[in-house]
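Hi,

Here is the structure I promised to pass on. Have a look at it first, and then read on for what turned up.

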Amino acid sequence: MTEVYYFSGAGHSLAVAEYIARELCCEAYNIEDGVNTYGRCETAVVVFPVYCQNIPRIVKDFLKKLEADYIAFAVTYGGISYGNVLSEAQELASAIVTSAAIIPMGHTFLDGDFIFDKKPVSLFIERLKKKEAVRIPEKKKNIFADFLPGWRSRVSVKIKVSAECTGCNICGDSCPMNAIKCGATSKDCIRCMKCVTSCPAGALSYEKGFLLNLYLNKKRKKKNIELII
Ligand SMILES: Cc1cc2nc3c(=O)[nH]c(=O)nc-3n(C[C@H](O)[C@H](O)[C@H](O)COP(=O)(O)O)c2cc1C
Ligand code: SF4
Ligand code: SF4
């Protein structure tokens, strides 16, 4: 039995998870619902984004608890850098890794799109069906990648609430980190932007700091999907 599990802040990883689940004729489950909801599966396909060159905390916790024989990773990122996330994910999961894909997509903070190249993702899917181990290469990380990634996100991106706020707290209900109440965020916020897209009144917005804008707007080569198959 194969299941797809995903975490997605702004919807990029969700688009990939839904595609993979359709191709595999299985369900796509939200990691936020908790690992205990699902029980054991034979093959788990885990789809998640890169945040600050790292695996989001909620995904790390999920991987530690997941019970599966085989695992495949489909990782989305903004085409800048994905650190050493595959190797780190392999260490956290106690399952045999059978396929992996690093998928460049729109960047959350660049109003990016949700389009990805489906052809290589099909190869990723074919490979995981073989249930044979692949070798995940160790990648070098930027020296600042592990320096307080959550804090770096919070200082570079401010979330603002406007007078349109109705106090419904749908933002609070949607937050995977339990880090916002009626538009006011706490230090547990990972800046995934789920609250911003969930607010029915459009009362939440975000503002990028000067340095982040410089970093994001730097000219870079367009990246292709990378496969470990
Ligand atoms: C807090 C945060 C940090 C991010 N850090 C990186 C990064 O280090 N490198 C990168 O290429 N993209 C980065 N991105 C972009 C996301 O990885 C990319 O847009 C991803 O597809 C978002 O998926 P999601 O919408 O499913 O959350 C970051 C996005 C967010 C919100
Ligand atoms: S979801 Fe929007 S309107 Fe509702 S409490 Fe949060 S910020 Fe206010
Ligand atoms: S408060 Fe932070 S962690 Fe919670 S949904 Fe909003 S951006 Fe994501």
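Does Y51 count as buried or exposed? In this predicted model, Y51 has a relative accessibility of 15%, so it counts as buried, the cut-off being under 20%.

Let me stay with that residue for a moment, since its ring has a partner. F7 and Y51 form an aromatic pair, with 6.3 Å from centre to centre and 80° between the planes, which is edge-to-face. As for where the two sit, F7 is in the loop between β1 (2-6) and α1 (12-24), while Y51 is in the loop between β3 (41-49) and α2 (57-65). The two residues are 44 apart in sequence, so their pair ties together separate parts of the chain. F7 is buried too, because its relative accessibility comes to 0%.

There is a second edge-to-face pair to look at, Y19 with F116. Here the ring centres are 5.7 Å apart and the planes stand at 75°, so edge-to-face is again the right label. This pair also links distant parts of the chain: Y19 belongs to helix α1 and F116 to the loop between β5 and α4, 97 residues away. Both partners are buried, Y19 with a relative accessible area of 9% and F116 at 8% relative accessibility.

On the rings in general, the count comes to eight aromatic pairs. You may also want to display Y5, Y29 and F62 together, as ring pairs link these three into a cluster.

Back to the loop between β3 and α2, where P56 is also found. P56 has a relative accessible area of 4%, so it is buried. Leaving out residues up to four places away in sequence, P56 touches F7, F48, P49 and Y51, so both rings of the F7 and Y51 pair are among its contacts. For a sense of distance, the C-alpha atom of P56 is 15 Å from that of D33, with the two positions 23 residues apart along the chain.

H107 is another loop residue, located between β5 (96-104) and α4 (118-129). At 19% relative accessibility it is buried, because the cut-off is under 20%. With residues up to four places away in sequence set aside, the contacts of H107 are G78, I80, G112 and L216.

Then helix α3, which covers residues 85-92. Its buried residues are V85, L86, S87 and A89. The elements that cover them include β3, α2, β4 (68-77), β5 and β10 (226-228).

Finally, the ligands. Ligand 2 sits in the largest cavity. It is surrounded by 13 residues, and C165, C168, N169, C171 and C199 are the closest. Sorted by class, this shell has nine nonpolar residues, four polar ones and no charged ones.

Ligand 3 sits in the second largest cavity. There are 14 residues around ligand 3, of which C175, C189, C192, M193 and C195 come nearest. Its shell divides into 11 nonpolar residues, one polar and two charged. So you will find charged residues in the shell of ligand 3, whereas the shell of ligand 2 has none.

That is what I have for now. Shout if anything is unclear.

Cheers

Key. Residues numbered from 1 in each chain as written. Chains lettered and ligands numbered in written order. Predicted model: local features only at pLDDT ≥ 70, side-chain atom pairs only at ≥ 80, totals over all residues. Heavy atoms only, no water. Near = heavy atom within 4 Å. 1 Å grid on protein atoms, 1.4 Å probe; cavity = no way out; pocket = protein on both sides within 12 Å on 5 of 7 lines; lining within 4 Å. Sits in = over half its atoms within 2 Å of the grid points. Nonpolar A, V, L, I, M, F, W, Y, C, P; charged D, E, K, R; others polar. Helix = DSSP H or I, 4+ residues; strand = E, 2+ residues; numbered from the N terminus. Buried < 20%, exposed > 50% of the residue type's maximum accessible area, 1.4 Å probe, protein only. Contact = heavy atoms within 4.5 Å. Phe/Tyr/Trp six-rings, centres within 6.5 Å; stacked < 30°, edge-to-face > 60°.
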